[in-house]
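Visitor: Please give me a close look at one part of this structure, the nonpolar core, and let me know what packs around it.

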Amino acid sequence: MRVSAKADYALRALIEMTRSDDSRPVSAEELGRRQEIPHGFLQAILADLRRAGVVVSQRGQSGGWRLARKPADVSVADVIRAVDGPLVSVYGLRPEAVTYNESAEVLQHVWIAARRSLRDVFEQVSIEQLSAGELPEAVTKRTADEDAWAPH
């Protein structure tokens with residue numbers, strides 16, 4: 001799986017929103033500065049997140065962006081889907097929609113299993129947990145194995 005810059009930047013911006021004092025709206029400029037995210041790119045990401053109901057914008061002097069839901073109710077999967085679409089796609093199709101001939105049909109099971117594995121992590125981790133730096137035990141267990149860190 002490849003994590004896009006959009007997904008990485010979106011998650012980083014949401015962590016910053018969550019860590020801000022008293023849930024006040026945070027300007028895109030401030031979010032971009034704190035996380036070194038290009039302003040134009042961040043604006044497009046925030047628009048995607050707004051369309052998905054993850055954030056809301058507030059206009060005016062004290063305007064900016066804030067989460068539309070509680071940080072505990074927004075998962076990493078929600079954010080990735082908002083900015084990149086489905087967690088796994090094959091030629092732009094969801095794995096269950098892909099068809100193969102008889103000799104290759106087993107591939108569909110591989111794609112669906114991969115999606116399930118991603119869900120097992122991405123749907124368990126919330127923006128609140130990321131902001132607090134505290135991941136679920138099931139996720140931290142996956143990183144405890146030295147092989148998990150090997151670049152192969």
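Guide: Happy to! First, a word on naming: helices here are DSSP runs of H or I with at least four residues, strands are runs of E with at least two, and both are numbered from the N terminus. Keep in mind that this is a predicted model.

The largest nonpolar core has 34 residues, and those touching the most other members are Leu14, Leu46, Leu49, Val55, Val79 and Phe122. Two or more residues each come from α1 (5-19), α2 (28-35), α3 (39-51), β2 (64-67), α4 (76-84) and α5 (106-122). Helix α1 provides the largest share, 7 residues.

So let's linger on α1. Its 15 residues should span 21 Å at 1.5 Å a residue, and the end C-alpha atoms are indeed 21 Å apart, so the two values agree. Its buried residues are Ala7, Tyr9, Ala10, Leu11, Ala13, Leu14, Ile15, Glu16 and Met17. Among what covers them are α2, α3, α4 and α6 (127-132), along with the strands β1 (55-58) and β2.

Val79 gives a good view of this packing: leaving aside residues up to four places away in sequence, Val79 touches Ala10, Leu11, Leu14, Leu49, Val74 and Ile127. Of these, Ala10, Leu11 and Leu14 are among the buried residues of α1.

Finally, look along α5, the helix that holds Arg115. Arg115 counts as buried because its relative accessible area is 13%, under the 20% cut-off. Beyond residues up to four places away in sequence, Arg115 touches Val88, Arg94, Pro95 and Glu96.

Definitions and conventions. Residues numbered from 1 in each chain as written. Predicted model: local features only at pLDDT ≥ 70, side-chain atom pairs only at ≥ 80, totals over all residues. Heavy atoms only, no water. Core = buried A, V, L, I, M, F, W, Y, C linked by side-chain atoms within 4.5 Å. Buried < 20%, exposed > 50% of the residue type's maximum accessible area, 1.4 Å probe, protein only. Contact = heavy atoms within 4.5 Å. Expected span 1.5 Å × (residues − 1).
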